[in-house]
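Grab a pencil and have a go at a few short exercises. Try each task yourself before you read the worked solution under it.

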Amino acid sequence: MGYEVSNIHKSYGDLKVLDDVSIKFEKNMTTCILGPSGCGKTTLLNIISGMLPADKGKVIGFENENIGFVFQEDRLIPWKSVYDNIDFVIRGKIDKKNRREIINKYLNLVGLEYYKDYYPNSLSGGMKQRISILRAFIYPSEILIMDEPFKSLDINTKEVVTKFFLNLKKSRDKTCIIVTHDIEEAAILGDNITIFTQKPTKVQRIIKNRLSLEDRIKNKEELDKLKKTIEGEFVF
Ligand SMILES: Nc1ncnc2c1ncn2[C@@H]1O[C@H](COP(=O)(O)OP(=O)(O)OP(=O)(O)O)[C@@H](O)[C@H]1O
């Protein structure tokens, strides 16, 4: 079963935000939703996750799924260690012995095992966001929704965390939806890039990213070409 939103309309009072938005989210691919500030990206995510009703239109495939989330701020629990922050979220979904195995396996895989007893306050912003992303990846869900996950990071940290995400993505299949207003982020992370217009918001264009994950990091020339194509469609 695929995931889809079809002909979604949403207004807040007189403010028309989403105006007939349809997107197909390919399974195990990353769809980036790129749009100007205030165009309704978070509104759409809330509709997809069932937190907000649409005025009109259909949400298909998401209804009975577990969904993992990553937000702009890390949302780690300050009084729990890195290990317990992850354990807390998957408790109830996986039994205790398997939880320990899975958490340790993933912490090792991404080279963060050293930090497992650390508390969030003693970690940098980039490290906290890496833990949040890791936690969402370990959470047993088909779908991962990320709302501007790199927005609060400085440019160097953003690069580290972006690569971290791509490596995790290689290790485990997930259908990811990432909201951003950053063209480079969309070009690097998105297998499909959906560009929104200004409000009332429609889909301006959907661009398929044909670059391999390696090229997105290393082939600056090809990445620049893709960024130019996106730029040509994107109204700030
Ligand atoms: N509960 C609400 N009541 C009234 N207006 C709202 C509500 N939530 C959002 N809006 C308005 O709807 C529009 C879309 O908001 P939304 O947060 O979905 O946009 P966004 O694209 O995620 O914005 P940003 O990029 O700034 O995070 C904005 O103009 C916002 O002010």
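The exercises below go from the overall model to its domains, its ligand and some details of its strands and helices.

**Exercise 1. Find out how confident the predictor is.**

Step 1: Keep in mind that this is a predicted model.
Step 2: Look at the protein as a whole: its mean pLDDT is 93, and 99% of its residues reach 70 or more.
Step 3: Now take the complex, for which the predictor gives an ipTM of 0.97 and a pTM of 0.94.

**Exercise 2. Split the protein into its domains and describe how they touch.**

Step 1: Mark the two parts on the chain. Domain 1 covers 3-65 + 142-234, while domain 2 covers 78-140.
Step 2: Check the spacing: the centres of the two domains, taken over C-alpha atoms, are 25 Å apart.
Step 3: Look at the contacts, where 14 residues of domain 1 meet ten residues of domain 2.
Step 4: Ask which element gives the largest share on the domain 1 side. That's helix H5 (residues 155-171), with eight residues.
Step 5: Sort the domain 1 side by class, and you get eight nonpolar, four polar and two charged residues.

**Exercise 3. Work out what surrounds the ligand.**

Step 1: Pick out the residues around the ligand. Among them are Tyr12, Leu15 and Val17, a run of names from Ser37 to Thr43 that includes Cys39 and Lys41, and also His181.
Step 2: Find the elements that supply at least two residues each: strand E2 (15-25) and helix H1 (41-48).
Step 3: Which of the elements gives the most to this shell? It's H1, with three residues.
Step 4: Sort the shell by class: four residues are nonpolar, seven are polar and one is charged.

**Exercise 4. Follow strand E1 to its two partners.**

Step 1: Start with E2. Strand E1 (residues 3-12) runs antiparallel to E2, and eight bridges join them.
Step 2: Find a facing pair: tyrosine 12 sits opposite leucine 15 of E2. Both Tyr12 and Leu15 turned up around the ligand as well.
Step 3: Look at the turn. The E1 and E2 hairpin has two residues between its strands, and glycine 13 there has a positive phi near 60°.
Step 4: Go on to the other partner, strand E4 (residues 56-60), which is antiparallel to E1 and joined to it by four bridges. Here histidine 9 has lysine 56 as its bridge partner.
Step 5: Go back to E2 for an oddity. Aspartate 20 belongs to this strand, and its phi is near 70°, a positive value in a residue other than glycine.

**Exercise 5. Describe the E8 and E9 hairpin and find its cis peptide bond.**

Step 1: Pair the strands. E8 (residues 192-196) and E9 (residues 203-208) are antiparallel and share five bridges.
Step 2: Spot isoleucine 193, which stands opposite isoleucine 207 in E9.
Step 3: How many residues does the hairpin use to join E8 to E9? The link has six residues.
Step 4: Search the loop between E8 and E9, and you'll come across proline 200. The peptide bond from lysine 199 to proline 200 is cis, with omega near -10°.

**Exercise 6. Check the span of helix H3.**

Step 1: Count along the helix: H3 (residues 96-109) has 14 residues.
Step 2: Compare its reach with what you'd expect. From first C-alpha to last, H3 spans 20 Å, close to the 20 Å expected at 1.5 Å a residue.
Step 3: Look just past the end of H3, where glycine 111 has a positive phi of about 70°.

Terms used: Residues numbered from 1 in each chain as written. Predicted model: local features only at pLDDT ≥ 70, side-chain atom pairs only at ≥ 80, totals over all residues. Near = placed C-beta within 6 Å. Nonpolar A, V, L, I, M, F, W, Y, C, P; charged D, E, K, R; others polar. Domains from an automatic or database assignment. Contact = placed C-beta atoms within 7 Å. pLDDT = per-residue confidence, 0-100. Expected span 1.5 Å × (residues − 1). Pairing = 2+ DSSP bridges.
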